[in-house]
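Hello,

Here is the structure I promised to pass on. Please open it first, then read the notes below alongside it.

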Amino acid sequence: MVPCEFSISSLFLSRGFPDQCEIEQLVDLDITNMEVALSSWLPDSSGLRSGKFDREILRCLTRIKSGLHKKGVNVVGLHSVFFEACGLNVFDKCADTLEFLVSRIQYCDELGGRFLVIGSPSARRTKFDHELSLANYRWLLDAALERTKESNVIILTEALPMCSVFQTASDLISLSKSFESDRIGVHLDVNSLLAAGDMDFLLSADLQMFQHVHINTLDFRPVEVDERRSELEQFFRILHKHNYNQLLGLEYVTPASSSPDFDSLNWSKKYLKERMPK
């Protein structure tokens, strides 16, 4: 079986273009997979917020990718995709929302990523009933797949219990199975999983639909010795039971005013890798 892979969010690093010294420290910890929130690299980019494909952003990402590759670090995907989408909503049948998603798929392709994650609660609050919201979201995914036929980027949706549509992993498995495409899947987030009470459901779920897992704490800090120990141990038993062999990412967010704490990252990584399916 292919082993489960470990990755770190770009939100762990200082904001702005990746600092080469910080990248070297990641490599020294044997962390070579990075999942990216674009706003962490380009926090002041008006082009990023506009949602339209921007060639200047593409040139910036090409430079960043080149610098990472020289250090031996790969971008595995994008997360928090709609975080900077001012005013856009995934449940509106809207050309601007489609352009936003298509541009992110194109940026992900340029970086060499495998997936992007649609989470971001602010873009998931719907004014429509459940049936129309679902229909509009299906339209968005179908249209994005049609526009990016040459891409292999997988579109993953995160269950968000605080939103009225796709609150649980079960909802998203049903959605993904209804598509005849291997480019639609489910993102599993531990914070959301516990808030939705989905842990027991996972015991019998088809984890083949899950392409990516986020391990996080309530405040997106490192995994501490005693915090969520029992929940995480149960969660890893479930991953082992299903022979999960996709990506497992640590969503560890360093406050913008602080410096990354590589010691706590190293402890968290060791703790998680010791428990990941081999």
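**The histidine site**

The side chains of H187 and H212 are joined by a polar contact of 3.0 Å. Keep in mind that this is a predicted model. A second polar contact, of 3.4 Å, links the side chain of H187 to the side chain of H214. H187 itself sits in strand 6. Is H187 buried or exposed? H187 is buried, because its relative accessible area is 2%, under the 20% cut-off. Set aside the neighbours within four places in sequence, and H187 is in contact with V117, L156, T157, E158, A159, H212, V213 and H214. Both histidine partners, H212 and H214, are on that list.

**Overall fold**

The protein has 11 helices and 8 strands. Its C-alpha trace spans about 45 × 45 × 35 Å along the principal axes. How does the radius of gyration sit with that of a compact globule? The protein has 18 Å, and a compact globule of 278 residues would have a value near 19 Å, so the two agree. Of the 278 residues, 55% count as buried. Take the contacts between residues at least 6 apart in sequence: 81% of them join residues at least 24 apart.

**Strands 2, 3 and 4**

Start with strand 3, residues 74–78. Strand 3 is mostly covered, with 4 of its 5 residues buried. Strand 3 pairs with strand 2 (residues 33–36) in the parallel sense, over 4 bridges. In that pairing, N33 stands opposite N74. Strand 3 also pairs with strand 4, again in the parallel sense, over 2 bridges. Here G77 stands opposite F115 of strand 4.

**Helix 6**

Helix 6 covers residues 130–147, which is 18 residues. From first C-alpha to last, helix 6 reaches 26 Å, close to the 26 Å expected at 1.5 Å a residue. What caps the N-terminal end of helix 6? D129 does: one of its side-chain oxygens lies 3.3 Å from the backbone nitrogen of E131.

Which residues of helix 6 are buried? They are S133, N136, Y137, L140, L141, A143, A144 and L145. The elements that cover them include helix 5 (95–111), helix 7 (169–177) and three strands: strand 4 (115–118), strand 5 (154–158) and strand 6 (184–189). Two of these have come up already: strand 4 as a partner of strand 3, and strand 6 as the place of H187.

**Cysteines**

How many disulfides are there in the whole structure? A search finds 0. C4 is in no disulfide, and its nearest cysteine sulfur, that of C108, is 18 Å away. C4 counts as buried because its relative accessibility is 10%, under the 20% cut-off.

Why is C60 not bonded to C108? The closest cysteine sulfur to that of C60 is in C108, and at 17 Å it is too far for a bond. For reference, a disulfide needs the two sulfur atoms within 2.5 Å. C60 also counts as buried, because its relative accessibility is 13%.

**Where to look**

I would open the view on H187, with its polar contacts to H212 and H214. Helix 6 and its cap at D129 make a good next stop. Then turn to strand 3 and its parallel pairing with strand 2.

Best regards

Technical notes: Residues are numbered from 1 along each chain as its sequence is written. This is a predicted model: local features need pLDDT of at least 70, side-chain atom pairs count only at pLDDT 80 or more; totals for chains, interfaces and linings use all residues. Side-chain values use heavy atoms; hydrogens and water are left out. The expected span of a helix is 1.5 Å times one less than its number of residues. Buried means under 20% relative accessible area, exposed over 50%, partly exposed in between (1.4 Å probe, protein chains only). Contact means heavy atoms within 4.5 Å. A polar contact is a pair of N or O atoms within 3.5 Å; within protein, one must be able to donate a hydrogen and the other to accept it, and residues adjacent in sequence count only if both atoms are side-chain atoms. Two strands pair if DSSP finds at least two bridges between them. The radius of gyration is taken over C-alpha atoms; the globule rule is 2.2 Å times the number of residues to the power 0.38.
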